[in-house]
Amino acid sequence: MKTIIFGGSKVIGKAIRLQMEKICDDIVYTSTKEVDTSKLDTVKKFIKQNPVCDVLVLNTGGPKAMPFAEITEEMWFTYFNQLILSFVV
């Protein structure tokens, strides 16, 4: 079973990866430096290199905590791409 973990190099993502390693024999994990899921071209490149996936864990986070009214349109689209569109490419 091939498992791909986006954001699997530190903290929560690393903990997820370490637990998944107990039950999965083929794990690919990335940091946000390796695959920026807010940019569809980097996601598409990754998919070409890893076309098969049985389990996908998207742990790429989101914007820093702030009042909703301070979120700009640019920030909204960046995190929308990062959190949602990378699932459906």
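Which residues are exposed on the other side of H1? In this predicted model, they are Val11 and Ile12. The sections below set that helix within the overall fold, then turn to individual residues.

The protein has three helices and three strands. Read from the N terminus, these elements follow the order β-α-β-α-β-α. The C-alpha trace spans about 45 × 25 × 20 Å along its principal axes. Of the 89 residues, 29% count as buried. The accessible surface amounts to about 6,100 Å². Carbon and sulfur atoms account for 59% of that surface. Contacts between residues at least 6 apart in sequence were also examined. Of these, 56% join residues at least 24 apart.

Helix H1 covers residues 11-20, and its buried residues are Gly13, Arg17 and Met20. These three residues lie on the same side of H1, because they cover an arc of only 65° around the axis. An α-helix has 3.6 residues a turn, so residues three or four places apart point the same way. The cover over the buried residues of H1 includes three strands: E1 (2-6), E2 (26-30) and E3 (55-58). Val11 and Ile12 sit on the other side of the helix and are exposed.

Val11 deserves a separate note. This residue belongs to helix H1. Its relative accessibility is 70%, so Val11 counts as exposed. The phi angle of Val11 is near 45°. That is a positive value in a residue other than glycine.

Arg17, one of the buried residues of H1, also takes part in a salt bridge. Its partner is Glu21, and the closest N and O atoms are 3.6 Å apart. A search of the whole structure finds one salt bridge. The two partners differ in burial. Arg17 is buried, with a relative accessible area of 9%. Glu21 is partly exposed, with a relative accessible area of 39%. Arg17 falls under the 20% limit for burial, whereas a residue between that limit and 50% counts as partly exposed.

Strand E1, part of the cover over the buried residues of H1, contains Thr3. The relative accessibility of Thr3 is 0%, so this residue counts as buried. Neighbours within four places in sequence were set aside when its contacts were listed. The remaining contacts of Thr3 are Met20, Cys24, Asp26, Ile27, Val28 and Val55. One of them, Met20, is a buried residue of H1.

Cys24, another contact of Thr3, raises the matter of disulfides. The structure holds zero disulfides. The cysteine sulfur nearest to that of Cys24 belongs to Cys53 and is 10 Å away. For Cys53, in turn, the nearest cysteine sulfur is that of Cys24. A disulfide would require the pair of sulfur atoms to be within 2.5 Å, so neither the zero count nor the 10 Å separation leaves room for one here. Cys24 is buried, with a relative accessible area of 7%. Cys53 is partly exposed, at 35%.

A second buried site lies outside the regular elements. Val35 is located in the loop between E2 and helix H2 (40-49). Its relative accessibility is 5%, so Val35 counts as buried. Residues up to four places away in sequence are not counted among its contacts. Beyond them, Val35 touches Phe6, Thr30, Thr42, Val43 and Phe46. Leu56 is 21 residues from Val35 along the chain. The C-alpha atoms of Val35 and Leu56 are separated by 14 Å.

The surface carries a nonpolar patch. Its members are Phe68, Trp76, Phe77, Phe80 and Ile84. Together they have about 570 Å² of accessible area. Trp76, one of the five, is in helix H3 (residues 73-88). The relative accessibility of Trp76 is 49%, so this residue counts as partly exposed. The limit for an exposed residue is over 50%.

Terms used
Residues numbered from 1 in each chain as written. Predicted model: local features only at pLDDT ≥ 70, side-chain atom pairs only at ≥ 80, totals over all residues. Heavy atoms only, no water. Buried < 20%, exposed > 50% of the residue type's maximum accessible area, 1.4 Å probe, protein only. Helix = DSSP H or I, 4+ residues; strand = E, 2+ residues; numbered from the N terminus. Arc of directions from axis to C-beta. Contact = heavy atoms within 4.5 Å. Patch = residues over 30% accessible without salt bridge, like charges linked within 9 Å, V, L, I, M, F, W, Y side chains within 5 Å. Areas by Shrake-Rupley, 256 points an atom, 1.4 Å probe, with all protein chains shown as cover. Salt bridge = Lys/Arg side-chain N within 4 Å of Asp/Glu carboxyl O.
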